[in-house]
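Here is a short report on one protein model. Look over the sequence and the structure first, then read on.

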Amino acid sequence: ISYVPVADGPDARGGTLIAIPYDSIELAQGETRDDAIDRIRLSARESPRTGRVISAEVSIEGHPIRAVSCYAHCTPSRLRPPFFEKILSRFVNHRTVLGIDANCVPDILLDVKRAPSATAYANHGASELTALTMKYGLADIARESLGPDPFFTSHHSTANGICHTRIDRIYTPNLTA
């Protein structure tokens, strides 16, 4: 668990978490469950003083995986591009499973449904996150499975009605390559 620091103010809340059921932990040869739990805990890293990223080294079907949980800035949206480029990029590699509340969408036409608005959708950071996931060959598993079918993970009330978006995603590596 990585919490947003209390120093961020009385209204600061949230953070990131990786939860692994005990029966899903793969043991290395000769390792006990307690040894494996210690190994995973010792591998945990978090973004300094932000509560926005946490990672841990795990195995899935014998493949070494870096599990990463991330919560990108909602407002101000201008903070997302440098966050993806300078902070999140330190945690991601070609064997990352990334669960992210990105607060931006990959494709405004496909991943946003809202009533007409006089303001543009603040999608800052989308191109930087796409560049990062493409650099390491990570796949957006919902889009891979659904194709162009609508799928929304967030629903917010606005002055013009409900805004539906797909700001939450899971990216996975290609383990057969």
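## The β4–β5 hairpin

S55 has V68 as its bridge partner in β5. The model is a predicted one. The pairing of β4 and β5 is antiparallel and runs over eight bridges. The two strands form a hairpin, with two residues between them. In that turn, E61 has a positive phi of about 50°.

S55 also has a neighbour on β3: R45 stands opposite S55 in β4. Two bridges hold this antiparallel pair, β3 with β4 (residues 53–60). β3 and β4 make a hairpin too, here with six residues between them. R49 sits in the turn and has a positive phi of about 60°.

## The six-stranded sheet

Both hairpins belong to an open sheet of six strands. The strand order is β3-β4-β5-β6-β11-β8, and the pairing is mixed. The edges are β3 (45–46) and β8 (139–140). Each has a single partner strand, so one side of each is left without a neighbour in the sheet. As background, strands of a sheet pair through backbone hydrogen bonds, either parallel or antiparallel.

Helix α1 (residues 33–43) packs on this sheet. The helix touches β3 and β4. Its direction makes about 145° with that of β4.

## The nonpolar cores

Which residues have the most contacts inside the largest nonpolar core? They are V53, C70, F84, L88, L98, I100 and L129. The core has 18 residues in total. Four elements each supply at least two of them: β5 (63–71), α2 (80–87), β6 (96–101) and α4 (126–135). The largest share, three residues, comes from α4.

I100 shows how these parts meet. Leaving out residues up to four places away in sequence, I100 touches C70, F84, L88 and L129, among others. Its contacts also include I167, D168, R169 and Y171. Another core lies apart from the largest one. This other core has eight residues, including I25, I37, I40 and I65.

## Two helices: α2 and α4

Helix α2 has four residues listed as buried: R80, P81, F83 and F84. What do the buried residues of α2 pack against? They pack against β4, β5, β6 and α4. F84 is also among the residues with the most contacts inside the largest core.

Helix α4 also holds M134. Is M134 buried or exposed? M134 counts as exposed, because its relative accessibility is 62% and the cut-off for exposed is over 50%. M134 and H94 are 40 residues apart along the chain. Their C-alpha atoms are separated by 9.6 Å.

## The three-stranded sheet

There is also an open sheet of three strands, in the order β7-β10-β9. Its pairing is antiparallel. β7 (112–113) and β9 stand at the edges. Each of these two has a single partner strand, so one side of each is left without a neighbour in the sheet.

How many bridges join β9 to β10? Five bridges join them, and the strands run antiparallel. β9 and β10 form a hairpin with two residues between them. Two of the pairings can be picked out in the structure. H156 stands opposite C163 in β10, and T158 stands opposite G161 in β10. On the β7 side, two bridges make the antiparallel pair with β10. There, V112 has T165 as its bridge partner in β10.

## The largest pocket

The largest pocket holds about 480 Å³ of space. Its lining has 23 residues. The closest to the centre are C74, N103, Y121, H156 and C163. H156 and C163 are also the residues that stand opposite each other in the β9–β10 pairing.

Which elements give two or more residues to the lining of the largest pocket? They are β9 (154–158) and β10 (161–165). β9 gives the most, with three residues. The β9–β10 hairpin thus recurs here as part of the pocket lining.

Terms used. Residues numbered from 1 in each chain as written. Predicted model: local features only at pLDDT ≥ 70, side-chain atom pairs only at ≥ 80, totals over all residues. Heavy atoms only, no water. Pairing = 2+ DSSP bridges. Contact = heavy atoms within 4.5 Å. Axes fitted to C-alpha atoms, helices over the stretch in contact; angles between N-to-C directions. Core = buried A, V, L, I, M, F, W, Y, C linked by side-chain atoms within 4.5 Å. Buried < 20%, exposed > 50% of the residue type's maximum accessible area, 1.4 Å probe, protein only. 1 Å grid on protein atoms, 1.4 Å probe; cavity = no way out; pocket = protein on both sides within 12 Å on 5 of 7 lines; lining within 4 Å. Points joined across faces, edges and corners; volume = space filled by probe spheres on them.
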